[in-house]
Amino acid sequence: MNNPESKEMYLETILRLKNKGARVRSTDVASELGYSRPSVSNAVKKLISERYIFVDKDGELVLTEKGNKQANSTYERHIVLTSLFKKMGAAETVAEEDACRIEHVISDELFEVLKTYDGSLK
């Protein structure tokens, strides 16, 4: 997991699962993303070593302050982009899928422009 997009996907997935009220374990992340358990295990080790998460005594993945900040930033991009694309007339599935890809590469500057956009699209 050397690419930032992958790290962001894992962190965002942990956050989204937690937002649903779930206790999140590696197996939950693997199931949600459709990844193998060994791949997720390797990613979790990397996220722990970079201090984005830790694993509690019950095996739950817990976001650190650093991890929570990154996860929320990525998730905010996802929400704003999805909403904007839907307002522009994109089908929900297209808006979701494309927002998921774009959220990792859009510049901070352009994202701030889009975030403050008044939404007056018809």
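Modeller: Before we start, a residue counts as buried under 20% relative accessible area, as exposed over 50%, and as partly exposed in between. Keep in mind, too, that this is a predicted model.

Biologist: Fine. Is E50 buried, partly exposed or exposed?

Modeller: Its relative accessible area is 23%. Buried needs a value under 20% and exposed one over 50%, with the remaining class in between. So E50 comes out as partly exposed.

Biologist: And which residue does E50 form a salt bridge with?

Modeller: The closest N and O atoms of that pair are 3.4 Å apart, and a salt bridge calls for a distance within 4 Å. E50 sits in the loop between α3 and β1 while its partner is in helix α1, so the bridge ties together parts 43 residues apart in sequence. At 18% relative accessibility that partner counts as buried. The partner is K7.

Biologist: What about D56: which residue is its partner in a salt bridge with closest N and O atoms 3.8 Å apart?

Modeller: That distance still fits the 4 Å limit. The pair links distant parts of the chain, with D56 in the loop between β1 and β2 and the other residue in the loop between α1 and α2. D56 is partly exposed at 23%, and its partner, at 40%, is partly exposed as well. The name you want is R23.

Biologist: Now D108 and R77: how far apart are their closest N and O atoms?

Modeller: D108 lies in helix α6 and R77 in helix α4, so this pair ties together parts that are 31 residues apart in sequence. D108 counts as exposed at 55%, whereas R77 counts as buried at 9%. Their closest N and O atoms are apart by 2.3 Å.

Biologist: Which residues do salt bridges that share partners join into one network?

Modeller: The structure holds 12 salt bridges. Some share partners, and the network they make joins K18, R23, D56, K57, D58 and E60.

Biologist: Which element has the lowest mean pLDDT?

Modeller: The protein as a whole averages 91, with 94% of its residues at 70 or more. Strand β2 has the highest mean among the elements, 97. The lowest mean is 89, and it belongs to helix α6.

Biologist: Last one: in what order do the elements run from the N terminus on?

Modeller: There are 6 helices and 2 strands to place. The C-alpha trace holding them spans about 50 × 25 × 25 Å along its principal axes. From the N terminus on, the order is α-α-α-β-β-α-α-α.

Definitions and conventions. Residues numbered from 1 in each chain as written. Predicted model: local features only at pLDDT ≥ 70, side-chain atom pairs only at ≥ 80, totals over all residues. Heavy atoms only, no water. Helix = DSSP H or I, 4+ residues; strand = E, 2+ residues; numbered from the N terminus. pLDDT = per-residue confidence, 0-100. Salt bridge = Lys/Arg side-chain N within 4 Å of Asp/Glu carboxyl O. Buried < 20%, exposed > 50% of the residue type's maximum accessible area, 1.4 Å probe, protein only.
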